[in-house]
Amino acid sequence: MTLLQSKVKKARKKSLAQRLWFLHWLMAFFYLLLFVGGKYMAGLPESLSYRETIFDTHKTLGVVVMSLLLARISVLLSVMLKKYRRHRPKHKKGWFKTVILHTVLYFFMLLVPLSGYFDSNVGSPDLRIFATGIVLPPLFPPHEHWEVSGFADSVHFWISYTFLAFIILHALDQKKYLRAQLRRFSKATLSRINHR
C-alpha cells in the first residue's frame with residue numbers, strides 16, 4: 001500500500017467516525033429538545049391556542065429522531081465493519097459494559113419515539129408532520145377509551161424517563177471525555193473573546 005492510499009484510507013475512516021460523532025451530538029440536541037418540550041407540554045391547558053402547534057412540533061421532532069437513528073445505525077455498522085474487519089475486539093469487562101450500555105441506549109432511542117407514535121395514534125389516527133401537510137400512517141389502531149389513552153401517555157412518559165436515566169449513566173461513564181470537551185470549549189471561547 002502506498003503512502004497516498006494509506007492517507008486516503010485514514011481520511012475515510014476519520015470521516016466515518018466524524019459522521020458518527022456528528023449524528024451523536026445532533027441526536028443528543030434533538031432529544032434534549034424533546035425532553036424539555038415534553039415536560040413543558042405536559043402542563044399545558046387544553047384551551048391554549050398554540051397547544052396543537054407545540055404538540056405537532058414535538059411529534060415532528062420524534063419523526064426526525066427516528067430518521068436520524070436509521071442514518072446513525074448505518075454509519076455505526078460501517079465504522080464497526082472497518083474497525084473489526086481485521087482485529088476483533090478484546091473482550092474485557094469494560095468492553096462488555098460499554099456494549100451493553102450502548103445497546104440499551106440504542107434500544108431506547110427507538111422505543112421512545114415509537115411509544116410517542118403509539119400515544120399519538122391512540123389519541124387520533126392522524127400524525128401530521130408540522131407545516132407540511134404530510135400525514136403519517138397509523139401504526140396502531142385509534143382508541144376512544146380514556147383508559148387506553150392514559151395507558152399510552154404513561155408508557156411514553158416512563159419509557160422516556162427510563163431512557164433519560166440511561167443517558168445520565170452514559171454521561172457519568174464518559175465524564176472524563178465530557179470534562180475534556182468542556183475544557184476545550186471553554187479555552188476556544190475565551191480565546192475568541194480575547195481576540196476581539
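**Exercise 1. Work out how many helices and strands the protein chain has, and in what order they run.**

*Solution.* Start with the count: in this predicted model, the protein chain has five helices and two strands. Next, read the elements from the N terminus on, which gives α-α-α-β-β-α-α. Four of the helices will come back below: α2 covers residues 51-84, α3 covers residues 93-123, α4 covers residues 146-173, and α5 covers residues 175-195.

**Exercise 2. Describe the protein chain as a whole: what share of its residues is buried, and what area does the chain expose?**

*Solution.* Begin with burial. The protein chain has 196 residues, and 26% of them count as buried. Then turn to the surface: about 14,400 Å² is exposed, and carbon and sulfur atoms supply 67% of that area. Finally, look at the contacts in the protein chain with a separation of 6 or more: 73% of these come from residues 24 or more positions apart.

**Exercise 3. Find the salt bridge and say which parts of the chain the pair ties together.**

*Solution.* The structure holds one salt bridge, so there is a single pair to look for. The partners are D173 and K97, whose closest N and O atoms are 3.2 Å apart. Now place them: D173 lies in helix α4 and K97 in helix α3, so the pair ties together parts that are 76 residues apart in sequence. As a last step, check the cover on D173: its relative accessible area is 29%, so D173 is partly exposed.

**Exercise 4. Decide whether S115 is buried or exposed, then list its contacts beyond four places in sequence.**

*Solution.* First locate S115, which is found in helix α3. The relative accessible area of S115 is 5%; because buried means under 20%, S115 is buried. Now set aside the neighbours within four places in sequence: S115 is then in contact with V155, H156 and I159. For orientation, helix α4 takes in residues 146-173.

**Exercise 5. Identify the residues that make the nonpolar surface patch, and look at L178 in detail.**

*Solution.* The patch is made by W21, W25 and L178 and has an area of about 300 Å². Take L178 next, which lies in helix α5. Patch members need over 30% relative accessible area, and L178 has 34%, which makes it partly exposed. Leaving out neighbours within four places in sequence, L178 is in contact with W25 and A171. W25 therefore turns up twice in this solution, as a fellow member of the patch and as a contact of L178, while L178 itself is partly exposed, at 34%.

**Exercise 6. Name the residues in the patch of positive charge and state whether K187 is buried or exposed.**

*Solution.* Five names belong here: K175, K176, R179, R183 and K187 gather on the surface in this patch. Pick K187 and place it in helix α5. With a relative accessible area of 62%, K187 is exposed, since the cut-off for exposed is over 50%.

**Exercise 7. Compare how far apart K82 and L16 are in sequence and in space.**

*Solution.* Along the sequence, K82 and L16 are 66 residues apart. In space, the C-alpha to C-alpha distance between K82 and L16 is 9.6 Å. To finish, add the setting of K82: this residue lies in helix α2 and counts as partly exposed because its relative accessibility is 32%.

Conventions
Residues are numbered from 1 along each chain as its sequence is written. This is a predicted model: local features need pLDDT of at least 70, side-chain atom pairs count only at pLDDT 80 or more; totals for chains, interfaces and linings use all residues. Side-chain values use heavy atoms; hydrogens and water are left out. Patches are made of residues with over 30% relative accessible area and no salt bridge: like charges are joined within 9 Å, nonpolar side chains (Val, Leu, Ile, Met, Phe, Trp, Tyr) within 5 Å. Accessible areas come from the Shrake-Rupley method with a 1.4 Å probe; for residues, only the protein chains shown count as cover. A salt bridge is a side-chain nitrogen of Lys or Arg within 4 Å of a carboxyl oxygen of Asp or Glu. Lys and Arg count as positive and Asp and Glu as negative; His and the chain ends are not counted. The place of a charge is taken as NZ of Lys, CZ of Arg, CG of Asp or CD of Glu. Buried means under 20% relative accessible area, exposed over 50%, partly exposed in between (1.4 Å probe, protein chains only). Contact means heavy atoms within 4.5 Å.
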